Amino acid sequence: MMMMSFSLHCNLKRFDIYRKVPKDLTQPTYTGAFISVLCCVFILFLFLSELTGFIATEIVNELYVDDPDKDSGGKIDVSLNISLPNLHCDLVGLDIQDEMGRHEVGHIDNSMKIPLNQGDGCRFEGEFTINKVPGNFHVSTHSATAQPQSPDMTHIIHKLAFGEKLQVHKVQGAFNALGGADRLSSNPLASHDYILKIVPTVYEDLSGRQRFSYQYTVANKEYVAYSHTGRIIPAIWFRYDLSPITVKYTERRQPFYRFITTICAIVGGTFTVAGIIDSCIFTASEAWKKIQIGKMS
């Protein structure tokens, strides 16, 4: 029985691809020690770099044609914050129109007017919804009981945003493209047209939770409009249309198996290259010694 066990162990040893070399058959060198230390430092640096990349998340973006937020009922939330420093709050109103037949003058739900400049100006803040069809909303004096002779439509746009607010540092987008727009030096009697192209945007975090927002591009023009009856009352128009292209940002983390594979490749590759370099240096130094001994003899 013992003979069979000994024979089995001997047979298993034949499959050992990591043959051991006795220590008395190896020779340490200063060059080998230097390369070994340098090799360990290099492996540590690459390991920490890969560990940082594994812990951190990356944002992957893609484009596709679809309506991402089908549960919204065909509505988009809008947040508007605008100051008109030379127009009284009693004259300021918000009107909404679209191609589905909506025509609302003097929208007041979820809106607030804050007097500025001792009551001579007004800051309008409002949140409302628009349909997912081309249309416009505009700030004007159309809802006022008495129209002023010369309304001053100079303004500053603090915020115009659509959908949920995304606070992700790695995502750079035009979610508030008109924020900070200053038209105080424009013609007081001019109308302002902002043509918006709204782009649906989806952000999906590591847990799979999705948030729906909208970016937009903008072009604008300023003009004084006239008709056969005279000058038309100026307004601040926001004309919008929706893009069929959706932008999706997905938060991802490197898989653990890929991290382990990379670490194994770093360790194995570094030691292999270091061993080749050390072997070449040792062989060259031994050959040089033999040449020197031959010259002396």
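The questions and answers below walk through a predicted model of one protein chain.

Q: What makes up the protein chain in terms of helices and strands?
A: The protein chain has 3 helices and 15 strands. Buried residues account for 35% of its 297 residues.

Q: How do you know which part of the accessible surface belongs to carbon and sulfur atoms?
A: The accessible surface of the protein chain is about 18800 Å², and 61% of that belongs to carbon and sulfur atoms.

Q: What share of the contacts with a separation of 6 or more comes from residues 24 or more positions apart?
A: That share is 80% in the protein chain.

Q: What makes strand 5 and strand 6 a pair?
A: Two strands pair if there are at least two bridges between them. Strand 5 (residues 111-116) and strand 6 (residues 121-131) have 6 bridges, so they count as paired. Their sense is antiparallel. Along this pairing, Ser111 stands opposite Gly126, and Ile114 stands opposite Arg123.

Q: Which residue in the turn between strand 5 and strand 6 has a positive phi?
A: The two strands form a hairpin with 4 residues between them, and Asn117 in the turn has a positive phi of about 55°. Asn117 is a residue other than glycine.

Q: Why is Asn117 called partly exposed?
A: Partly exposed covers the range between under 20% and over 50% relative accessible area. Asn117 has 40%, so it is partly exposed.

Q: Why does Asn110 count as exposed?
A: The cut-off for exposed is over 50%. Asn110 has 62% relative accessibility, so it counts as exposed. You can find Asn110 in the loop between strand 4 (103-104) and strand 5. Phi of Asn110 is also positive, near 55°.

Q: How do you know that strand 2 and strand 6 pair?
A: At least two bridges are needed, and strand 2 (residues 75-84) shares 10 bridges with strand 6, so the two strands pair. The sense is antiparallel here too. Take a look at Ile76, which stands opposite Ile130 in strand 6.

Q: How many aromatic pairs does the structure hold?
A: There are 9 aromatic pairs. One of them joins Phe128 and Phe137, with 5.2 Å centre to centre and 70° between the planes.

Q: Why is the pair of Phe128 and Phe137 called edge-to-face?
A: Planes over 60 degrees apart count as edge-to-face. The angle for Phe128 and Phe137 is 70°, so the name fits.

Q: Why is the pair of Phe137 and Tyr240 called tilted?
A: Stacked needs planes under 30 degrees apart and edge-to-face needs over 60, with the rest counted as tilted. The planes of Phe137 and Tyr240 are at 35°, so the pair is tilted. Their ring centres are 6.0 Å apart.

Q: What makes the pair of Phe137 and Tyr240 tie together parts that are apart in sequence?
A: Phe137 lies in strand 7 (residues 135-140) and Tyr240 in strand 14 (residues 236-242), so the pair ties together parts 103 residues apart in sequence.

Q: Why do Phe128, Phe137 and Tyr240 count as buried?
A: Buried means under 20% relative accessible area. Phe128 has 5%, Phe137 has 0% and Tyr240 has 4%, so each of them counts as buried. These three belong to one aromatic cluster that also includes Tyr194 and Phe238.

Q: How do you know that Arg239 lies over the face of Trp237?
A: One requirement is a distance within 6 Å of the ring centre. Arg239 is at 4.4 Å from the ring centre of Trp237 and lies over its face. Likewise, Lys221 lies over the face of Tyr223, at 5.5 Å from the ring centre.

Q: Why is His192 called buried?
A: The relative accessible area of His192 is 2%, and buried means under 20%, so His192 is buried. His192 lies in strand 10 (residues 191-204). Leaving aside neighbours within four places in sequence, its contacts include Met153, His155, Lys221 and Trp237.

Q: Which residues does the UniProt annotation "transmembrane region" cover?
A: According to the unreviewed UniProt entry, the annotation covers residues 29-48 and 256-277. In the model, residues 29-48 are 95% helix and 0% strand, with end C-alpha atoms 29 Å apart. Residues 256-277 are 100% helix and 0% strand, and their end C-alpha atoms lie 32 Å apart.

Key: Residues numbered from 1 in each chain as written. Predicted model: local features only at pLDDT ≥ 70, side-chain atom pairs only at ≥ 80, totals over all residues. Heavy atoms only, no water. Phe/Tyr/Trp six-rings, centres within 6.5 Å; stacked < 30°, edge-to-face > 60°. Buried < 20%, exposed > 50% of the residue type's maximum accessible area, 1.4 Å probe, protein only. Lys NZ or Arg CZ within 6 Å of the ring centre and 35° of its normal. UniProt positions renumbered as here; feature names shortened; annotations may be inferred. Contact = heavy atoms within 4.5 Å. Areas by Shrake-Rupley, 256 points an atom, 1.4 Å probe, with all protein chains shown as cover.
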